[in-house]
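Let us walk through this model from its nonpolar interior outwards to its sheet and its metal site. Keep the structure open beside the text.

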Amino acid sequence: MSEIGFRPLTPIIGAEVAGVDLAVDLRPATVACLREGLLRHKVLVFRDQPMDDARQVALTDAFGGATAAHPVTNGLPDAPAVLRTVLSEDRPGLAASEAGPGFPLGATAPRRIRTEWHVDSTFVANPNAITILRGVEIPPAGGDTLFADLEALYSGLSSSLRGYLDTLQAIHSRHDPSPSPRFDGKPAGPFVALHPLVRVHPETGVRSLLVSTMFLQAIRGLNSRESTALLDFLLDELAGRDEIHARVRWEQDTLVMWDNRAVAHAGPVDGLMFKEERIVHRTTVVGDLPCGPNGFVSKALKGGLFEALAMAERIA
Ligand SMILES: [Fe+2]
């Protein structure tokens, strides 16, 4: 086997991987080496990895079992584990979420700054463990994905604050008013999950802050002003601490794999600043229930789990 190399993107997060062709080599020794690299670097970037959807699903299975494409949104009709994201279809929504010409007097939904930072699918009790994203159509510039190290975010806080955060839980939710029926017949929401605010990584034992601007609604047990103030502080730290970030520039056939239990991500943050198309295909590895330092285990308050896709559900 050729030597697999990891070239770090920053001292703490991300690495470019060399010496592996994922289209032909998913041997257990290769997967074990990549898993070790993923746990160490949290974000792995593979260049020049042409493959089809079936191969991406096989790669996802090799890391622990592919889920359906998304708890709410259907995957491709012939590949139910693959979520296809087409930027030209999302741009109207992106434009609507920006302040319009009537701002600040017109009706504009209040939003936290940098709302793109998130952890995937935290509205379910068992968010996916790993996310795999493949560049299918990539613009010459723009559409980069940003990553933030949630372990470094946690360890950078004072021990007094960490000790308090260790005891807390947060409510994450998502409610789509009229979602399309799911291929597998499961309900597409509403979802509400209660997670520890600090999670202990199930493989490494390292603590991280489970914070996200998208689905995290409130801290349990605090009044609304306390909850908002604490979340605003933590999310400002997440978005504002440049030394915990990495930025990945896409190319055709770039594949990025990240540990959704240890990083947050944002992107594309500049989707309205370029005209070309951007298409990516996403798959996700099934995750377990997050556990806090005090033993608190995540609970579904509404909606089901985000489970691995059964073989029977893979046939269109
Ligand atoms: Fe995401």
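Start inside. The largest nonpolar core of this predicted model has 28 residues. Those that touch the most other members are Trp 117, Leu 165, Leu 197, Leu 209, Val 211, Leu 234 and Leu 238. Several elements give two or more residues to this core: β6 (145–149), α4 (150–155), β11, α6 (224–240) and β14. Helix α6 gives the most, with six residues.

Now look at Trp 117. Leaving aside residues up to four places away in sequence, Trp 117 touches a long list of partners, among them Leu 146, Phe 147 and Ala 148. Leu 238 and Ala 239 are also on that list. So are Ala 264, His 265 and Ala 266. Keep His 265 in mind for the metal site.

There is also a second, separate core. It holds 20 residues, including Phe 46, Phe 63, Ile 132 and Leu 255.

Turn next to the metal. Which residues coordinate the iron ion? They are His 118 through NE2, Asp 120 through OD and His 265 through NE2, at 2.2 Å. Along the sequence, these donors follow the spacing H-x1-D-x144-H. Asp 120 sits in the loop between α3 (87–97) and β5, whereas His 265 belongs to strand β14 (residues 263–266). The pair therefore ties together parts that are 145 residues apart in sequence.

Are these two donors buried or exposed? The cut-off for buried is under 20% relative accessible area. Asp 120 has 4%, so it is buried. His 265 has 5%, so it is buried as well.

Move on to the sheet. Seven strands make up an open sheet with mixed pairing. Their order is β1-β2-β3-β13-β5-β15-β4. At the edges stand β1 (5–8) and β4 (83–86). Each has a single partner strand, so one side of each lacks a neighbour in the sheet. On average, neighbouring strands are turned by 25° against each other, direction ignored.

Strands of a sheet pair through backbone hydrogen bonds, either parallel or antiparallel. Take β3 (residues 43–46) and β13 (residues 255–259) as an example. They run antiparallel and are joined by four bridges. Within this pairing, Leu 44 has Met 257 of β13 as its bridge partner.

Two helices lie across this sheet. Helix α1 (residues 28–41) lies across β1, β2 (15–18), β3, β5 (130–137) and β13. The angle between α1 and β3 is about 125°. Helix α2 (residues 53–62) lies across β5, β13 and β15 (279–285). It runs at about 30° to β15.

Another set of pairings centres on β7. Strand β7 (residues 169–174) runs antiparallel to β8 (residues 191–196), with six bridges between them. Here Ser 173 stands opposite Val 192 in β8. Strand β7 also runs antiparallel to β11 (residues 216–219), through three bridges. His 172 has Leu 216 of β11 as its bridge partner. Strand β11 has appeared before, as one of the elements that give two or more residues to the largest core.

Finish with the cysteines. How many disulfides does the structure hold? The count is zero. Cys 33 has 25% relative accessibility, so it counts as partly exposed. Cys 291, at 29%, also counts as partly exposed.

Notes. Residues are numbered from 1 along each chain as its sequence is written. This is a predicted model: local features need pLDDT of at least 70, side-chain atom pairs count only at pLDDT 80 or more; totals for chains, interfaces and linings use all residues. Side-chain values use heavy atoms; hydrogens and water are left out. A disulfide is a pair of cysteine sulfur atoms within 2.5 Å. Buried means under 20% relative accessible area, exposed over 50%, partly exposed in between (1.4 Å probe, protein chains only). Two strands pair if DSSP finds at least two bridges between them. Axes are lines fitted to C-alpha atoms, for helices over the stretch in contact, and angles run from 0 to 180 degrees between N-to-C directions. Contact means heavy atoms within 4.5 Å. Donors are N, O and S atoms within 2.8 Å of the metal (3.2 Å for Na, K and Ca); water is not among the atoms, so sites may look incomplete. A nonpolar core is a set of buried Ala, Val, Leu, Ile, Met, Phe, Trp, Tyr and Cys residues joined through side-chain atoms within 4.5 Å.
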